[in-house]
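The report below describes how strands and helices are arranged in one model, going sheet by sheet and then to the helix pairs. Please read it with the structure open.

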Amino acid sequence: MTKPSLPELLHAAVAAVGGTERPGQVAMAEAVAQAVDDGTHLLVQAGTGTGKSLGYLVPALAHGDRVVVATATLALQRQLVERDLPRTVDALHPLLRRRPEFAMLKGRSNYLCLHRIHEGVPQEEEDGLFDPFEAAAPTSKLGQDLLRLRDWSDETETGDRDDLTPGVSDRAWGQVSVSSRECLGATKCAYGAECFAEAARERAKLAEVVVTNHALLAIDAIEGAPVLPQHEMLIVDEAHELVSRVTGVATGELTPGQVNRAVRRAAKLVDEKAADQLQTAAEGFEKLMELALPGRLQEVPEDLAYALMALRDAARTVITALGGNRDRSAQDEDAVRKQAMAAVENVHAVAERIANGSEYDVVWYERHDRFGASLRVAPLSVSGLLREKLFADRSVVLTSATLKLGGDFNGVGASLGLAPEGVEGEDLPVWKGIDVGSPFDYPKQGILYVARHLATPGREGSRTDMMDELAELIEAAGGRTLGLFSSMRAAQAAAEELRGRLDKPVLLQGEDTLGELIKAFAADAETCLFGTLSLWQGVDVPGPNCQLVVMDRIPFPRPDDPLMSARQKAVEEAGGNGFMAVAATHAALLMAQGAGRLVRATGDRGVVAVLDPRLANARYGSFLRASLPDFWYTTDRNQVRRSLAAIDQAAKGGA
């Protein structure tokens, strides 16, 4: 029997999920297959509605080697495992004459720990509990959550937090899960044979397709201890998020609270001298942190360096003592020791990293109203790490609706450690970028309106002219507005102002869960939804109830963002344009994601309104506009009001 062709396989898969075959999807599938055959790398921009998950799953399954698919969001992970993969495997089975297995794999703390459920949590002096199930009042929210988790542990097959509905608070989940550092290990744990995290790993070892997340992919790359099974192909979906997720995993933090917890956990398990040394170092660190002012530390000040070295040395002494001492009076002593060891090792690692200082790290203080000061350290760039760890041993496909910024892939490529497309060299990964377009007719379906007549937004202060403009646009659109704001303060101010002016409901992020807010927004045409970062990327409301997407200003990083400004400065020192490489690229990515909220289906019509004249007037405006979908462009406010009113009328007539 001849091997089925890629178009045949794709056709069968598309029919099975009830989709429509798109030319872009076919082009993507062929490019993915080619990259895997050649052992090269591919960046694919595939617009909303292309059906990109099938565009990579079908060639991956046809190839037959193990593939890891890493996504940024839970929603896409679930969609792949619960919908796309089962249907695709069923559809391809008769043609491939094999049934590829697939599995989901996450970090250990996403799974219920049976040891914690049955043996309780090692005691913390501040709350005096050993077994939270006994001590938490069953009437309290925490107590109810814990009792529900205990019942659920008997019936769940996966132990995966995302399979628990309704969910529980982070605090409750923290009582029944462990990090990989706190885990006793399958061989030492009384529940090792039934462990949910171990079972998930075993399933992943046997599967041909392993679906995971960017964070686990980063841990796998950074920590050198393989978490993911060996694989010949890596597909990174939602790849525009990868750099920030990897940066997050590579960021270390020290707070007085965290150091004090480590002291309490270790004190009962080591001799008095070692415990006192750590306690003294913790007190010295805490005193310094009380005076910490937010901002970047170009160099670590002498007093901080001294405090960090004292912490590092004391933590090292405690780690050595923990390795040797055994305290038989401690209940379930191994778990207590493991938790203490994990806490102290983390303090040691971060204190040592900051004290040693590296030109490749950025160090800064942050202050939080509720949690006080923290000391943070992050890599100046993750591009070298990604180039070395991601592209070395396998073919990598990176895909997203937004990878092409300012008209090419080189900006995103550089952040991933790739040389400009076509540049060849001994250690340079070979890659190409393709844009397979979108099934939508953007110039006919959408308008990009820039309010050129408004004043340039300042750093702070009220924008009365912007509020007037926003109110007029919402009136013309009859509601139907998703407001994307560059800060929570701006979103709150706009919601407050417009609730007083308009007789339309205005929902605000933070006043309910995101899921509930989006549901309410999608259900009522007159409703508006205002919010910040997660709305720029997380809203999928096709149809007439989202016909106006407003951005209050170009979302440049804050000038006082220590990491972004350090990255910008580093590019400038290397002779590049720091503003374009860092700030403008960051803004372009967010704006492309935000503008992508408007057209989600072939029948959608509407306006993306940017209430920041710099998009029309500034030199970098053309770079940002070239990163957005190809909407019809105007700065004519009357034209836009007429268009919105017409769209509103059509939607009412069609309803």
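## The sheet with strands 12 to 18

An open sheet of 7 strands follows the order 14-15-13-16-17-12-18 with parallel pairing, where two strands pair if DSSP finds at least two bridges between them, and where helices (H or I, at least four residues) and strands (E, at least two) are DSSP runs numbered from the N terminus. Strand 14 (506–508) and strand 18 (632–634) occupy the edges with a single partner strand each, so one side of each is left without a neighbour in the sheet. On average, and with direction ignored, neighbouring strands of this sheet are turned by 20 degrees against each other. This is a predicted model, in which local features need pLDDT of at least 70 and side-chain atom pairs count only at pLDDT 80 or more, while totals for chains, interfaces and linings use all residues. Residues are numbered from 1 along each chain as its sequence is written, and side-chain values use heavy atoms, with hydrogens and water left out.

Strand 12 (residues 446–450) pairs with strand 17 in the parallel sense over 5 bridges, with I447 opposite V607 of strand 17. Strand 12 also pairs with strand 18, again in the parallel sense, over 3 bridges, and here L448 stands opposite Y633. Helix 24 (residues 578–595) packs on the sheet, touching strand 13 (481–484), strand 16 and strand 17, and its direction makes about 160 degrees with that of strand 16; axes are lines fitted to C-alpha atoms, for helices over the stretch in contact, and angles run from 0 to 180 degrees between N-to-C directions. Helix 20 (residues 488–501) lies across strand 14 and strand 15 (528–531), running at about 155 degrees to strand 14, where contact means heavy atoms within 4.5 Å.

## Strand 17 and the loop after it

In strand 17 (residues 606–610), 5 of the 5 residues are buried, so the strand is largely enclosed by the rest of the structure; buried means under 20% relative accessible area, exposed over 50%, and partly exposed in between (1.4 Å probe, protein chains only). Both faces of strand 17 are covered, with G606, V608 and V610 buried on one side and V607 and A609 buried on the other. Strand 16 (residues 548–551) pairs with strand 17 in the parallel sense over 4 bridges, and V550 of strand 16 stands opposite A609.

D612 is placed in the loop between strand 17 and helix 25 (614–617), and is buried, with a relative accessible area of 0%. Leaving aside neighbours within four places in sequence, D612 is in contact with V450, P457, D552, R553 and I554.

## The sheet with strands 1 to 5, 10 and 11

Another open sheet of 7 strands has the order 3-4-2-5-10-1-11, also with parallel pairing. Its edges are taken by strand 3 (102–104) and strand 11 (431–435), each with a single partner strand, so one side of each lacks a neighbour in the sheet. Neighbouring strands here are turned by 15 degrees against each other on average, direction ignored. Strand 3 is joined to strand 4 (residues 209–213) by 3 bridges, the two running parallel, and M104 has V211 of strand 4 as its bridge partner.

For strand 10 (residues 395–400), 6 of the 6 residues are buried, so this strand is largely enclosed by the rest of the structure. On one side S395, V397 and T399 are buried, and on the other V396, L398 and S400. Strand 1 (residues 41–45) runs parallel to strand 10 and is joined to it by 4 bridges, with S400 as the bridge partner of Q45. Strand 5 (residues 233–236) also pairs with strand 10 in the parallel sense, over 4 bridges, and V396 is the bridge partner of L234.

## Two helix pairs

Helix 10 (residues 214–222) and helix 11 (residues 242–249) pack at an angle of about 55 degrees, with their axes 9 Å apart. That angle makes helix 10 oblique to helix 11, since angles under 35 degrees count as roughly parallel, over 145 as roughly antiparallel, 65 to 115 as roughly perpendicular and the rest as oblique. The contact is made by H214, A215, L217, A218, I219 and I222 of helix 10 and by L242, R245, V246 and V249 of helix 11.

The axes of helix 1 (residues 6–16) and helix 4 (residues 74–96) come within 8 Å and cross at roughly 140 degrees. Helix 1 contributes E8, L9, A12, A13 and A16 to the contact, and helix 4 contributes R87, T88, A91, L92, L95 and L96.
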